[in-house]
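Colleague: I am new to reading structures of this kind, so please take me through this one slowly and explain each term when it comes up.

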Amino acid sequence: MLEKLRATLAKTRAALKDRLDGIFQSAASRDETLEGLSEALILADVGLATTEKIVQAVRERTRKSDGPEAILSALKDEIAALLDRGPAPPPAAGGLTAVMIVGVNGGGKTTTAAKLARRHAAAGRRVLLVAADTFRAAAQEQVVLWGQRLGIPVHRGQSGADPASVVFEASRQARSKSFQTMIVDTAGRVHTNPNLMAELEKVKRVLGREIEGAPQEILLVLDASIGRNALPQARQFLKVSGLTGIALTKLDGTAKGGAVIGIVDELGLPIRHLGTGEGEDDLEDFASRPFVDALLT
Ligand SMILES: Nc1nc2c(ncn2[C@@H]2O[C@H](COP(=O)(O)OP(=O)(O)OP(=O)(O)O)[C@@H](O)[C@H]2O)c(=O)[nH]1
Ligand SMILES: [Mg+2]
């Protein structure tokens, strides 16, 4: 697992760790090291406020005489603590759990929905994939293909249908056939378009009406390669549809993974999953310590 994570984070690690190594080698004092650390974190897209918070905490945890090893270890602890937002909610006992997948265009929603469906199915749950992206016929087709490939049933609606009505029908089907998990793929939407955002809110409302406690998870799919540009989108989705966590995709191809540290800190949302590639198994459940170890070791 750690090897996969290390490979996924290779570019981000190169952008951050290699810079830190240079600082640790050349800095004469702790204060100099901390100053370099600050610069490195900001350059790695962590964000100013979060960087200051981390560096201040590292300063408080170390002594003036401490060398690179103690400082690096304190840095890892601080980042891990900041990323750790507690465990994911357990699936609804006996009942039906609904997971909504939301985000802007092309972030990796459908792929993540399929990977998650596979994950739940592998855990022995009866899973229904719901193709609620009715915007493009091809989008539903994509979910159907994933379903065939993974052996997971798919509920799809009419092309152009109201996504809320698709979700309504899917919920009825899921209940009558005793499904345990519904993974709802939604259309990519521009977070600044009020109509599209309202549509999402409606999907959420219908789920809540049809299934007790649903949606238990609303995951925002964020493309790691856009770095801190993810923040305004995330804020808007959080405001309109509510969010319970982040699925961070395309971490494998980017050097900007450091941005998530600031994003998690500023939004107060947990990362739930990491997308580590295009394949069905390329999904990791997020845990802060392995993430930080893979990032900085
Ligand atoms: N390398 C890599 N590619 C990914 C990952 N997740 C998704 N992709 C790729 O990103 C592209 C877009 O993925 P989709 O799942 O179709 O994205 P989407 O958010 O559903 O797109 P729309 O429905 O058009 O908004 C595809 O080529 C995926 O294979 C990931 O974690 N790593
Ligand atoms: Mg899609």
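Colleague: What radius of gyration does the chain have, given that a compact globule of 297 residues would have one near 19 Å?

Modeller: This is a predicted model, in which local features need a pLDDT of at least 70 and side-chain atom pairs count only at pLDDT 80 or more, while totals for chains, interfaces and linings use all residues. Residues are numbered from 1 along each chain as its sequence is written, and chains are lettered from A and ligands numbered from 1 in the order in which they are written. The radius of gyration is taken over C-alpha atoms, and the globule rule is 2.2 Å times the number of residues to the power 0.38. For 297 residues this rule gives a value near 19 Å, and the chain agrees with it at 21 Å.

Colleague: How many helices and strands are there in the chain?

Modeller: Both are read from DSSP runs numbered from the N terminus, with H or I over at least four residues for a helix and E over at least two for a strand. Counted in this way, the chain has twelve helices and eight strands.

Colleague: What percentage of the 297 residues in the chain is buried?

Modeller: A residue is buried if 20 or more other C-beta atoms, placed from the backbone, lie within 10 Å of its own, exposed if 12 or fewer do, and partly exposed in between. Among the 297 residues, the buried ones make up 47%.

Colleague: How many of the six residues of strand β2 are buried?

Modeller: In a regular strand the side chains alternate between the two faces of the sheet. On one side of β2, Val-127, Leu-129 and Ala-131 are buried, and on the other side Leu-128, Val-130 and Ala-132 are buried as well, so that both faces are covered. Strand β2 (residues 127-132) is therefore largely enclosed by the rest of the structure, the number of its buried residues being six of the six.

Colleague: Which residue of β4 is the bridge partner of Ala-131?

Modeller: Two strands pair if DSSP finds at least two bridges between them, and six bridges join β2 to β4 (residues 181-186), with the two strands running parallel. Within β4, the bridge partner of Ala-131 is Asp-185.

Colleague: Which helix does the chain pass through in crossing from β2 to β3?

Modeller: Strand β3 (residues 154-156) runs parallel to β2 and is joined to it by three bridges, and in β3 the partner of Val-130 is His-155. The β-α-β crossover between these strands is right-handed, a term for a path from the first strand over the helix to the second that runs clockwise when the strands point away from the viewer. The helix that the chain crosses through, at residues 137-150, is α7.

Colleague: How far apart are the end C-alpha atoms of α7?

Modeller: The expected span of a helix is 1.5 Å times one less than its number of residues. For the 14 residues of α7 this should give 20 Å, and the end C-alpha atoms agree, being apart by 20 Å.

Colleague: Which elements do the buried residues of α7 pack against?

Modeller: The buried residues of α7 are Ala-139, Gln-140, Val-143, Trp-146 and Gly-147. They cover an arc of only 115 degrees around the axis, which puts them on the same side of α7, where the arc is that of the directions from the helix axis to the C-beta atoms. On the other side of α7, Ala-138, Gln-148 and Arg-149 are exposed. Counting a contact when the C-beta atoms of two residues, placed from the backbone, lie within 7 Å, the buried residues of α7 pack against α6 (109-122), β2, β3 and β4.

Colleague: Is Lys-250 buried or exposed?

Modeller: Most residues other than glycine have a negative phi, and most peptide bonds are trans. Lys-250 has a positive phi of about 60 degrees although it is not a glycine, and it lies in the loop between β6 (245-249) and α11 (259-267). Because 24 other C-beta atoms lie within 10 Å, Lys-250 counts as buried.

Colleague: Is Ser-178 buried or exposed?

Modeller: Ser-178 is not a glycine either, and its phi is positive at about 55 degrees; its place is in the loop between α8 (163-176) and β4. Because it has 9 C-beta neighbours inside 10 Å, Ser-178 counts as exposed.

Colleague: What is the omega of the cis peptide bond from Ala-214 to Pro-215?

Modeller: Pro-215 lies in the loop between α9 (194-210) and β5 (217-223). The bond that leads to Pro-215 from Ala-214 is cis, and its omega is near -10 degrees.
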